[in-house]
Structure formats: structure tokens, C-alpha cells
Amino acid sequence: MTYVVIDNCIACKYTDCVEVCPVDCFYEGENMLVIHPDECIDCGVCEPECPADAIRPDTEASMEAWVELNRKYAEIWPVITLRKEPLPEATERDGETDKLTKYFSEAPGEGD
């Protein structure tokens, strides 16, 4: 099992989760985070830290595509280990549906 970041992170990008990760397996895109599924140790400490409820175990239904998205971008985006402010539209976009189609950016974030 591993944890993955799902679409509610997109256009929010809360980073509370990165500070509690003991193995630094979060990677930063322009408008979301991902978890490297091969680096995640399945500890679960990140899941309750996410204000947007955007972290899920890969054992939940329909997570295969999210595992692959997390893997793909973790390989090319920079690691993030320090908390940053969420995106300005985070409160407004939190809980919005279909954010992958509407807002996802392949561009990398700044990392640490």
C-alpha cells in the first residue's frame, strides 16, 4: 500500500503534509503535490494533516490512475519538505469537482 494525492489538491496545494512526512516523498508541481509511491512507507501521518482531504491510500477504489499520476510527476518535480502558504484560491477551490481537467498543470513547482 501507498498513499497518493488526488485531485482536491489541485489549485489548493496545502503543504501541511510535507512537514510530517518522515521520508520526504512529496514532490511539488505548480499547483499540486504528489507522493512518490515507491518512496512512501505507508505510515499514514500525512493523510490527517491535509486540510483539503486530498490524500488517500491506494487501496481505495479507482486509485490506479492517481498512483500513476503521482509516480509520473514525482519523477520530474522537485522534492518539497517545508511548509509553504497554500495557493491564493485554495479556500475557493477546495472541494470543487473535476479539478484535474480544469486546472492541472504539468509545470514543476519550486521545491525547497
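Let's start at Asp-24, which counts as partly exposed because its relative accessibility is 36%, a value between the 20% and 50% limits. The model you are looking at is predicted. To find Asp-24 in the fold, look in the loop that runs between helix H1 (16-20) and strand E2 (26-28). Asp-24 also has company: together with Glu-39, Glu-75 and Asp-112, Asp-24 forms a patch of negative charge on the surface.

From the surface, let's turn to the aromatic rings. A pair of aromatic rings is described by two quantities, the distance of the centres and the angle of the planes. With centres required to lie within 6.5 Å, the count of aromatic pairs in this model is three. One of them joins Tyr-73 and Trp-77: the ring centres are 4.8 Å apart and the planes meet at 35°, so this pair is tilted, as the angle is neither under 30 degrees nor over 60. How accessible is Tyr-73, buried or exposed? Tyr-73 is buried, because its relative accessible area is 4%. Trp-77 is likewise buried, with a relative accessible area of 4%.

Trp-77 has a further partner. Its ring and that of Phe-104 have centres 6.2 Å apart, and with planes at 35° the pair is again tilted. Follow the chain here, as this pair links distant parts of it: Trp-77 sits in the loop between helix H2 (64-74) and helix H3 (90-93), while Phe-104 belongs to the segment after helix H4 (99-103), 27 residues apart. Taken together, ring pairs connect Tyr-73, Trp-77 and Phe-104 into a cluster.

Now for a look at the backbone. Most residues other than glycine have a negative phi. With that in mind, which value does phi take at Asp-53? The angle is near 55°, a positive value in a residue that is not glycine. Asp-53 lies in the loop between strand E3 (33-35) and strand E4 (55-57), and its relative accessibility of 44% makes it partly exposed.

Ser-62 is another residue to visit, with a positive phi of about 65° although it is not a glycine. You will find Ser-62 in the loop between E4 and H2. Is Ser-62 buried or exposed? Ser-62 counts as exposed because its relative accessibility is 56%, which is over the 50% cut-off.

Conventions
Residues are numbered from 1 along each chain as its sequence is written. This is a predicted model: local features need pLDDT of at least 70, side-chain atom pairs count only at pLDDT 80 or more; totals for chains, interfaces and linings use all residues. Side-chain values use heavy atoms; hydrogens and water are left out. Rings of Phe, Tyr and Trp (its six-membered ring) pair if their centres lie within 6.5 Å; planes under 30 degrees apart count as stacked, over 60 as edge-to-face and the rest as tilted. Buried means under 20% relative accessible area, exposed over 50%, partly exposed in between (1.4 Å probe, protein chains only). Helices (H or I, at least four residues) and strands (E, at least two) are DSSP runs, numbered from the N terminus. Patches are made of residues with over 30% relative accessible area and no salt bridge: like charges are joined within 9 Å, nonpolar side chains (Val, Leu, Ile, Met, Phe, Trp, Tyr) within 5 Å. Accessible areas come from the Shrake-Rupley method with a 1.4 Å probe; for residues, only the protein chains shown count as cover. A salt bridge is a side-chain nitrogen of Lys or Arg within 4 Å of a carboxyl oxygen of Asp or Glu. Lys and Arg count as positive and Asp and Glu as negative; His and the chain ends are not counted. The place of a charge is taken as NZ of Lys, CZ of Arg, CG of Asp or CD of Glu.
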